[in-house]
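Visitor: I would like a close look at a single part of this model, followed outward to whatever surrounds it. Please take your time over the details.

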Amino acid sequence: MKITKKEVEYVAHLARLDCSEEEKDIFTSQLNDILGYMDILNTVETAGVEPMNHALSLENILREDEIRESLGAERALANAPDSDGEYFRVTRVID
Amino acid sequence: MSLNELTVHDVHNKLVTGEVTAVEVLEAVYDRIDAVDGTINAYISLMKEGAYEAAEQADRDLSEGRVKPLTGIPVAIKDILSTEGVRTTCGSRMLENFIPPYDATVIRRMKEAGAVLVGKTNMDEFAMGSSNETSYFGVTRNPWDRNRIPGGSSGGSAAAVNANECIAAVGSDTGGSIRQPAAHCGVVGLKPTYGRVSRYGLIAFASSLDQVGPLTKDVEDAAVMMNVLAGHDAADSTSVPHPVPDYRENLSRGIEGWTVGIPREYFIEGIDPEIKAAVDGVIATVESLGAECRDISLPHSRYCVAVYYIIAPAEASSNLARYDGVRYGFRTSGGDTLLDSYKMTRSAGFGAEVKRRIMIGTYSLSAGYYDAYYKKASQVRALIKKDFDDAFRSCDIILTPTTPTPAFRIGEKVDDPLQMYLTDIFTLSINLAGVPALSLPCGYSTDGLPLGVQLIAHHFQEDKLIQAAAAVESHLPLEKKRPGI
């Protein structure tokens, strides 16, 4: 068993997901299948191999810090589920 | 032949000579959509108003001699690319009503090249799937057999091209999402080198793997589309400032004297015998054209599914953290606290496969498991890339099947995620290594389903892919069949 139902609950919390009891059972079973399959990687010798995070060697890309036109509040808020015209509105965070 | 059945280069020639108008071509495309898309479900949204305006503009341009590479060509867009003022769902309830305030760079480039954007095509939710079954907007059906999947995640684009619901299409490919549906629908699909095409405005799934590319009716069209799509973009710092060749230049140069690698790891037990036979036919054609086929090894191929399904979900879990129901997208009502609101929104807005991948990714990146999963996978990824670097020292291109089986039945694998993941076994390594690859139709199964062969080249050698694919396409003895739809 790679992952228990309790761990599934914890990971769901980290991922900001709510799971029904049924979903937790399904995920526990499926994640065990999938993570079990990943054991195949333990048969590969990787001592001294530099992890590859990108297909190409990446370098910092710099540009002049110049002022450009931005989206503007109205367009930036146009897709917001809730706003007051100037700010995104969310459930109260502080009492 | 109806206008909607033509290729990009055919339509282009007819427009330039004045034989047809852009509006007539567009009408033929929308007539076809009206006739078949109720069955195929290739499109999520149509862009009729803007399309007719663009077609009328194209006709004015043509009459005044202003001809650009895609002037008046109706192109379908995978619904993962942001289109200004046009709903962009990414196949998800989360973005069901999302209207981007800007165009993706590839959209801008196509508009500037004169393209007429027909509509937004169906896809697996957030591009996570191999069958288009995870779309919130219903499965797309394979034009060759409506009970089978079109492949995924660019299944809508592939089906739209094959069913002649557009002239050409654009998709994205993170682990095979252009090539696998291209193979299953009998069209040409090209995944460019990582960094060749801008990802700005492409809704992110796995940022170190995602690339945009064309799905077309023939190889020449892929070249025409790549001429428009490829190139550096200051808005995507991973796009590369290498010069872009004219991809049409090599179409008729042939492959005499080339060395073609045949990796033995791709001809394993479990591969469908009809696919093996079809690919053997391509090998014979390649040899008849004066190329030498050589047995090679890509020894780490067998680890690609494990590596990919750690790395891609890890990147996805991070990329999809942005969907919190605050700035854009779906939000549930209720939730006493902000945390409750996040959880309720994400649980209702994402489908099962997306949640599953977020869970895998969150787990593999979490404290205590990072070294065992993500770091280990990133090390094996380096070995997979080295396999390709080594192989391309002695090969011009590599030739493999695109998929291990023809298109499977709708519902056949949907309850077994691991079995679904294993269908990507021949396409994943290419994204992990960042090299370009192209799927080309190469035969039919006895059930009449199209089969695909995959050509792979080294970084930034799309011109070689197109050269080889064009040679195979024009010499492979392949009957041109049409789907039943």
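Visitor: Which residues are exposed on the other side of H2(A)?

Guide: The model is a predicted one, and what follows is computed from it. On the other side of H2(A), the exposed residues are Glu21(A) and Glu22(A). To see what that side is opposite to, it helps to begin with the helix itself. Helix H2 of chain A covers residues 21–37, and because a rise of 1.5 Å a residue over its 17 residues should give a span of 24 Å, the 25 Å between its end C-alpha atoms agrees with that expectation. The buried residues of H2(A) are Phe27(A), Gln30(A), Leu31(A), Ile34(A) and Leu35(A). Viewed down the helix axis, these buried residues fall within an arc of 130 degrees, so they line one face of H2(A).

That face packs against elements of both chains: the buried residues of H2(A) meet helix H1 (5–14) of chain A, and also helix H9 (304–319), helix H11 (352–365) and helix H13 (417–422) of chain B.

From here the view can widen to the contact between the chains, to which chain B brings 51 residues and chain A 39 residues. On the side of chain B that touches chain A, the elements giving two or more residues are H9, helix H10 (338–349), H11, helix H12 (371–391) and H13 of chain B. H12(B) gives the most to that side, with eleven residues. Sorted by class, the side of chain B that touches chain A holds 26 nonpolar, 15 polar and ten charged residues.

Chain B, the partner in this contact, has a secondary structure of 15 helices and eleven strands. Its 485 residues would, as a compact globule, have a radius of gyration near 23 Å, and the 21 Å of chain B therefore agrees with that estimate. The C-alpha trace of chain B spans about 65 × 55 × 45 Å along its principal axes, and 62% of the 485 residues of chain B count as buried.

Chain B is also divided into domain 1 (3–243 + 437–448) and domain 2 (302–367). The C-alpha centres of domain 1 and domain 2 of chain B lie 27 Å apart, and 20 residues of domain 1 are in contact with 17 residues of domain 2. By class, the side of domain 1 of chain B that touches domain 2 has ten nonpolar, seven polar and three charged residues.

Terms used: Residues are numbered from 1 along each chain as its sequence is written. Chains are lettered from A and ligands numbered from 1 in the order in which they are written. This is a predicted model: local features need pLDDT of at least 70, side-chain atom pairs count only at pLDDT 80 or more; totals for chains, interfaces and linings use all residues. Helices (H or I, at least four residues) and strands (E, at least two) are DSSP runs, numbered from the N terminus. The radius of gyration is taken over C-alpha atoms; the globule rule is 2.2 Å times the number of residues to the power 0.38. A residue is buried if 20 or more other C-beta atoms lie within 10 Å of its own, exposed if 12 or fewer, and partly exposed in between; C-beta atoms are placed from the backbone. The expected span of a helix is 1.5 Å times one less than its number of residues. The arc is that of the directions from the helix axis to the C-beta atoms. Two residues are in contact if their C-beta atoms, placed from the backbone, lie within 7 Å. Ala, Val, Leu, Ile, Met, Phe, Trp, Tyr, Cys and Pro count as nonpolar, Asp, Glu, Lys and Arg as charged, and the others, Gly among them, as polar. Domain bounds come from an automatic or database domain assignment.
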